[in-house]
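Work through the exercises below with the model open. Try each task before you read its solution.

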Amino acid sequence: MKLLDVSLWLLGAVLISCSVHTRGLRRCLISTDMHHIEESFQEIKRAIQAQDTFQNVTILSTSETLQSVKPSDTCCVTKNLLAFYVDRVFKDHREPNPRILRKISSIANAFLYMQRTLRRCQEQRLCHCRQEATNATRIVHDNYDQLEIRSAAVKSLGELDVFLAWIDKHHQDTSAA
Amino acid sequence: TQTFTVVLKEIWTSLIMWFFYALIPCLLTGAVAILPAPQNLSVHSTNMKHLLIWSPVIIPGETVYYSVEYQGEYESLYTSHVWIPSSWCSLMEEPECDVTDDITATVPYNLRVRATLGSQSSAWSTLTQPFNRNSTILTPPGMELTKDGFHLVIELEDLGPQFEFLVAYWKREAGAKEHVKTVSSGGIPLHLVTMEPGAAYCVKAQTFVKAIGRHSAFSQAECVEVQGEVLPLALALFAFVGFMLILVAVPLSIWKTGQLLRYSCCPAVVLPDTLKVTNSPQKLISCRKEEVDACAMTAVLSSEELFRTWIW
């Protein structure tokens, strides 16, 4: 009986720590206004996607990368893709239209804020990067490098709706803690 | 050495003269050569509405226009030469600018202003400390409490889509539990609780801004009371008395009406005593014209009787 009690306690403790771990990622993005970012992108989506001349190629490679990500790798992949956009895509894109520039700036600064929030989770060891997550990110970078820099940047910008929908889906239960 | 000193002095004097000659055109173009840049830039932010204000540039007899540009932290780190023109503030007269639509992320933003007069523009004047919208002042929300019968209805101030409200309410008695309800937007009346008669309820509210993860302070608690059991008791008593009256009055009036109807349509015919036929020897006389004689004879026959009764 004592052995049964102990094992039950252990199981309970493991379950609780697991739920805390997975809920920790969701709590990470609690104060981000995803709706506002999606709205900003919708306003410029058509104009950006019209500039994309390589229709048969994809950089995010949704089926190989985003769709195959396990729940435990979500935080790492989110962090890596945010860095991809902030460090490469937004910088490589030259936007002459002030209206579009304003919206891209809004999204870029919001991504910067999301990165900061995730960094706090990383410090709390809630954002571990396994090999599979790192591989998925590398595919995206490789795809980007295969195109000319301006075309690659415009194409990646055009695929933002896919990335934003993915973040929304995986960080859905963000009710106030 | 004396010649050397003299030569040096001459060179020095010519240099000073040339310097002044060069200045003359500048002095001749007018009293104000360069338009001064606006000073004392500051941001006043309350409830996520951000207002950039500065000291106006006064040029007598002229109207000066201002333009505002901003730069998020992303731009300042990765593309520092890029400044974005403000959505609403290009060439305006007022020395203030609503930058709410420009500050769209919770990161530090640099803001700068310059004055324009005709073809001349001043230098850019930049905010000394970058502004982050998480430093906005959040005020307790205005709320209106109304009673709809026993229902307590609350209407909160409409502060825009970024605001959520937390409403706390409790019964005003010792040891009462505090309930909390989340309201997603203001400006709409909302049913809070169905109140118990005779109790007082108190309500207070605070705002929550998800984008910056901050709450305002709670508003002052407001209390409402509901009428107690006195009124229902009086009503019940009144109703009971009324019912009893009805219980007595209705049969009485039915009976009375019945009687009235009986007398008016079907009265019982009763002969008065004086007309009643008893066992009297006097026979009833039926007089007809043809039988006048018979009547007269009959009358003569019983005259004795008649005389006797007349006497008595």
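## Exercise 1: A buried ion pair

The side chains of B:Glu69 and B:Arg112 meet in a salt bridge, at 2.7 Å from N to O. A salt bridge here is a side-chain nitrogen of Lys or Arg within 4 Å of a carboxyl oxygen of Asp or Glu. This is a predicted model: local features need pLDDT of at least 70, side-chain atom pairs count only at pLDDT 80 or more, and totals for chains, interfaces and linings use all residues. Residues are numbered from 1 along each chain as its sequence is written, chains are lettered from A and ligands numbered from 1 in the order in which they are written, and side-chain values use heavy atoms, with hydrogens and water left out.

Task: find which strands hold B:Glu69 and B:Arg112.

Solution.
- Step 1. B:Glu69 lies in strand β3 (residues 65-71) of chain B, and B:Arg112 in strand β6 (residues 110-117) of chain B, so the pair ties together parts 43 residues apart in sequence. Helices (H or I, at least four residues) and strands (E, at least two) are DSSP runs, numbered from the N terminus.
- Step 2. Both B:Glu69 and B:Arg112 are buried. Buried means under 20% relative accessible area, exposed over 50%, and partly exposed in between (1.4 Å probe, protein chains only).

## Exercise 2: Two further bridges

Task: state which residue pairs with B:Glu196 in a salt bridge. Then do the same for B:Arg172.

Solution.
- Step 1. B:Glu196 bridges to B:Lys171, with the closest N and O atoms 2.6 Å apart. The pair links distant parts of the chain, 25 residues apart: B:Glu196 in the loop between β13 (190-194) and β14 (200-209) of chain B, B:Lys171 in strand β11 (residues 163-171) of chain B.
- Step 2. Check the cover. B:Glu196 is partly exposed, at 43% relative accessibility. B:Lys171 is buried, at 19%.
- Step 3. B:Arg172 bridges to B:Glu225, and their closest N and O atoms are 3.4 Å apart. B:Arg172 sits in the loop between β11 and β12 (179-183) of chain B and B:Glu225 in strand β16 (residues 222-225) of chain B, so parts 53 residues apart in sequence are tied together.
- Step 4. B:Glu225 is partly exposed, with a relative accessible area of 49%.
- Step 5. Over all chains, the count comes to 12 salt bridges.

## Exercise 3: A hairpin

Task: describe how β9(B) pairs with β10(B).

Solution.
- Step 1. Strands β9 (residues 143-148) and β10 (residues 151-156) of chain B run antiparallel and are joined by six bridges. Two strands pair if DSSP finds at least two bridges between them.
- Step 2. B:Lys147 stands opposite B:Leu152 in β10(B).
- Step 3. The two strands form a hairpin with two residues between them, and B:Gly149 in the turn has a positive phi of about 70°.

## Exercise 4: Positive phi outside glycine

Task: say where B:Met48 lies and where B:Leu91 lies. Is each buried or exposed?

Solution.
- Step 1. B:Met48 has a positive phi of about 60° although it is not a glycine. B:Met48 lies in the loop between β1 (39-46) and β2 (49-55) of chain B. With a relative accessible area of 2%, B:Met48 is buried.
- Step 2. B:Leu91 is not a glycine either, and its phi is positive, near 55°. B:Leu91 lies in the loop between β4 (84-85) and β5 of chain B. With a relative accessible area of 52%, B:Leu91 is exposed.
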